[in-house]
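The following exercises concern helix packing, charged pairs and surface character. Please examine the sequence and the structure before working through the solutions.

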Amino acid sequence: MSHKTPAAALPKRGFGPVLANRSFLVMWLGQVFSQTADKLVFILLVSIVGALSTSPVLMSTALALQASPSVLLGAVAGVLVDRWDKRTAMIITNLLRALLAVALGLWGHLNLALAIALAFLISCCAQPFIPAEAAAMPLVVERDNLLAANSLFATTMIGSIIVAFTLGEPLIQLAGLKDASLLTGIGFAISVVFLYFMRYTQPDTRAGEHEAFLDQLKDGFGYIRETPPIRQTLWQQVALFAMFAAMSVVAILFAKNELHTNFSWFLATAGIGMGLGSWVLGHFGHHWNKNHVIVTGFVGNGLVLGVLAFLGAQYVLPAFGVSLLLGLASSLVAVPLQTRLQELVPEAKRGKVFGAQNMVLNIATTLPIAAVGFVVAAIGLRPVLGVTSALMLVAGALTWYVFRKNPPPGPILGTGGISQAAVPKEPGASV
């Protein structure tokens, strides 16, 4: 007697089901406008600081201060998100960012300190939005469709970077600073309109209201430390993000000194590769073992960087092909890892864990950006590419070893789902 599951009972996967989910659709459209507006704030700040001062020290200071809230407030924002309604948190923070972005354009050009302060406040307002968005995803999307949902989010995130960095400066030159800031504020406001129509069952957050704030903050880091699959996933993300941050600086130097071409095109090509990889994962990734995909991504990054280290100015087109492959390989690591976190973390701890993740990953990206210029000056550009290539191959080998020794929850043969027995449970939760 056949025991095959009827076709009608099989879960539908790919982009179709998630785009048919109205709550996900409006959340995704909200992300499109929010992410693009957020990147335009960066362009606005660079333009204002560049117009008011020619000092590279002031420019780097302004950008460092704008980035600092992600390190200082990321984990704190995650604790607050566990106490708040996720949709409300995203709406309020985007409304505040809309007002502050308009203020940046209206008054930022009058005073450098005011411009930096406004950009700092905009970044502060962004911190609750990030863990709220990550924690809301499993509330509006079924577990079987999380990979496709994260693939779409990754694709549009990269797309927003390409659009903002390509069109931001021409927009300011064409429309002027004030009108460009108004359009940025409108982008945040449109995001609010879409997010208003999100619908999901709000979890009961009353249990954590009476717990001391500092205890809740410690609880997020403690849960990560005591849960090996989540701890391993976070360290793998740290390795990837640190590599990509270092490569963003190296790409500027490589494109200028070796390829003698526009570095933004080089970075945009890597972004297109990430978008392509995310699209492929969203359509076909549910058939694949996430562990194998992640290891393939790390090894692919190592091999691609090794090839890049040997390319010179006479190989411009192959170098852009390598950049495309670098982005594609990175998506094979980034998307499955984020999906795994959303599958593993219990609802009551999602804000804390994603807030801690945001803080740790921002530290992982800030340190390489600060250090890689000194390293390149000391040993040269190509040796840095070679060393980074070796580190990625080591990361792939270690990831394979960890997966073999202590395999995290993976796909059930034939479904691509997650074994519920393998998912960490909260104390007292039923199994």
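The model is predicted.

**Exercise 1. Identify the residues that make the nonpolar surface patch of about 380 Å², and classify the accessibility of Leu114.**

Solution. Step one: the patch is made by Leu106, Trp107, Leu110 and Leu114. Step two: Leu114 is placed in helix H6, which covers residues 112-140. Step three: the relative accessibility of Leu114 is 34%, so this residue counts as partly exposed.

**Exercise 2. Determine the relative direction and the handedness of the pair H2 and H6.**

Solution. Two packed helices are described by the angle between their axes and the distance between the axes. Step one: helix H2 (residues 22-52) and H6 have axes that come within 11 Å. Step two: these axes cross at roughly 160°. Step three: angles over 145 degrees count as roughly antiparallel, and H2 and H6 are therefore roughly antiparallel to each other. Step four: the crossing of H2 with H6 is left-handed.

**Exercise 3. Carry out the analysis for helix H12 (residues 290-310) and helix H15 (residues 381-405).**

Solution. Step one: the two axes come within 8 Å, with a crossing angle of roughly 165°. Step two: H12 is therefore roughly antiparallel to H15. Step three: H12 and H15 cross in a left-handed manner.

**Exercise 4. Find the salt bridges of Asp38 and establish which residues they join into one network.**

Solution. Side chains of opposite charge can pair when their charged atoms come close. Step one: a salt bridge requires a side-chain nitrogen of Lys or Arg within 4 Å of a carboxyl oxygen of Asp or Glu, and the count comes to three salt bridges. Step two: Asp38 pairs with Arg97, their closest N and O atoms being 3.2 Å apart. Asp38 lies in helix H2 and Arg97 in helix H5 (residues 86-107), so this salt bridge ties together parts 59 residues apart in sequence. Step three: Asp38 also pairs with Lys39, where the closest N and O atoms are 3.9 Å apart. Step four: Arg97 is buried at 2% relative accessibility, Lys39 is buried at 15%, and Asp38 is partly exposed at 26%.

**Exercise 5. Describe the salt bridge between Lys290 and Glu343.**

Solution. Step one: the N to O distance between these side chains is 3.5 Å. Step two: Lys290 lies in helix H12 and Glu343 in helix H13 (residues 316-344), so the pair ties together parts 53 residues apart in sequence. Step three: both Lys290 and Glu343 are buried. To complete Exercise 4, salt bridges that share partners join Asp38, Lys39 and Arg97 into one network.

How values were computed. Residues are numbered from 1 along each chain as its sequence is written. This is a predicted model: local features need pLDDT of at least 70, side-chain atom pairs count only at pLDDT 80 or more; totals for chains, interfaces and linings use all residues. Side-chain values use heavy atoms; hydrogens and water are left out. Patches are made of residues with over 30% relative accessible area and no salt bridge: like charges are joined within 9 Å, nonpolar side chains (Val, Leu, Ile, Met, Phe, Trp, Tyr) within 5 Å. Accessible areas come from the Shrake-Rupley method with a 1.4 Å probe; for residues, only the protein chains shown count as cover. Helices (H or I, at least four residues) and strands (E, at least two) are DSSP runs, numbered from the N terminus. Buried means under 20% relative accessible area, exposed over 50%, partly exposed in between (1.4 Å probe, protein chains only). Axes are lines fitted to C-alpha atoms, for helices over the stretch in contact, and angles run from 0 to 180 degrees between N-to-C directions. Angles under 35 degrees count as roughly parallel, over 145 as roughly antiparallel, 65 to 115 as roughly perpendicular and the rest as oblique. A crossing is left-handed if the near helix is turned anticlockwise from the far one by less than a right angle, and right-handed if clockwise.
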